[in-house]
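Colleague: I'm new to this one. Could you pick a single part and walk me through it closely?

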Amino acid sequence: MPLPCSIELDSPGLGWSTLAPCRTLERMYVSEVGDSGSSAYERLIGADRVSGRLYTDPAVFERELERIHHRGWMFVGHESEVAAPGEFVTRRLGRQPVLLTRDDTGAVRLWSNRCPHRGATVCALDRGQTRFFRCPYHAWTFDNAGALVALPGEEGFGPTFDRATHGLAPVPRMDTYRGFVFGSWSHEGQTLAEHLGSARDLIDRVCDVSPVGEISLRAGWLRHRIGANWKMAAENVCDFYHPPITHASSGLMGGVPPDYFSDAYGGVTRDLGGGHGEVDYRQTQGGPRTGLGPHGFIFPNLFIEASSIFVIHPVNVAEMTHLQTPITWVGLPEKMQRPQSRRFATAFGAAGVIEPDDAATWERMQLGLQAGEPEWVVLERGVQFDHTREGRPLDEIVMRGFWRHYRSLMTDEAAAK
Ligand code: FES
Ligand SMILES: [Fe+2]
């Protein structure tokens, strides 16, 4: 049923004070936002602000899983993690557990980590190498090409039982780009190339640091369980407004000049479309570089962080898992690789100085947003440059691009194109 305040929220150019009198009614409306139609999201995502409810409403989270994490493409892992036949890693694709394997023929495959019998995960390890996965419940056993190859008491299932129809279920779509493996639970939709768009350049640039154009991600992953909504990590990738504040102490320790994270230092922040974006310091001459690769975000869960790779796994509306691993560039001289690995350990390792600063801040944001008022999260910095899609390094251009794409997915806008 339309509410009186919906009329005001649709009106452009409203100030905060105009919105305030409607807040109670608006909240009634928003509490149903996850299951309601697209119009609710059009109201809650403005050109330069978004509703805090988008980070705290469980119904919003459920709709995100369906429309973003299950319909779209998500980064899963890297082919180098399963370099040899039989190697595997377990991950999540959206909320669902998946198993990335290389079978005995050398093919990379992506499976639902779910026993076709009664649903137990068939693999509980983070990574390893095996020819078979044996379910712990009734011992149905699958080879690394997903086929059901053994089960106890098979004769009890009768003559019509067919092993061939009881293998592991493949994730409907899997595709790779330069070793980066992506999956989608949807049988149809954009191709991976369409999804990546101009963000493919981020992958090209990180690979091309290597003299042979290859990276390897075999160092293992750090996993941080953080009590904050997944979008905070996504937005943070290209938020260069916060480092001189949140990371002031680590900046001092690392000898980063105070003006490094400032508009005056140079560099640009760039909305790459499709929710992707980057902060690019390539044109800045003579200054410190934080890593060899680019610094960019590939929607909705991959952060290429100059010398490392981050992945965001949503857990629930107020919790995520943040995975991080250092990049090894194949063929890169040791004297160039070593500082990158050391930088990762110092910044993001178990006792790193960067990740805890960010995680603690996101948890404080999550707590603050529970307050509900004021309703809006402000993203106004550099809005005057939005028409060019490029702004100063500290501008919030990539965040606004993220939200434009998010809105197109959460409404029916994308399907209508
Ligand atoms: S649930 Fe896997 S064998 Fe029964
Ligand atoms: Fe940070």
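Modeller: Let's start with a term: a residue is buried under 20% relative accessible area, exposed over 50% and partly exposed in between (1.4 Å probe, protein chains only). This is a predicted model, where local features need pLDDT of at least 70, side-chain atom pairs count only at pLDDT 80 or more, and totals for chains, interfaces and linings use all residues. Residues are numbered from 1 along each chain as its sequence is written, chains are lettered from A and ligands numbered from 1 in the order written, and side-chain values use heavy atoms, leaving out hydrogens and water.

Now to the iron ion (ligand 2). His242 and His247 each offer it their NE2 atom, and Asp358 gives two OD donors, with distances of 2.0 to 2.5 Å. Donors here are N, O and S atoms within 2.8 Å of the metal (3.2 Å for Na, K and Ca); water isn't among the atoms, so a site may look incomplete. Along the chain, the donors of the iron ion follow the spacing H-x4-H-x110-D. Histidine 247 sits in the loop between helix H9 (243-246) and helix H10 (248-254), while aspartate 358 belongs to helix H12 (residues 355-369), so this pair ties together parts 111 residues apart in sequence. Helices are DSSP runs (H or I) of at least four residues, numbered from the N terminus.

How accessible are these two? Histidine 247 is buried, at 8% relative accessibility, and aspartate 358 is buried too, at 7%.

As for geometry, the angles among the four donor atoms of the iron ion run from 56 to 149 degrees, and the site is irregular. Four donors would count as tetrahedral with all angles between 85 and 135 degrees, or as square planar with opposite donors over 155 degrees apart and all others between 65 and 115.

Definitions and conventions
Four donors count as tetrahedral if all angles lie between 85 and 135 degrees; four count as square planar and six as octahedral if opposite donors are over 155 degrees apart and all others between 65 and 115; anything else is irregular. Helices (H or I, at least four residues) and strands (E, at least two) are DSSP runs, numbered from the N terminus.
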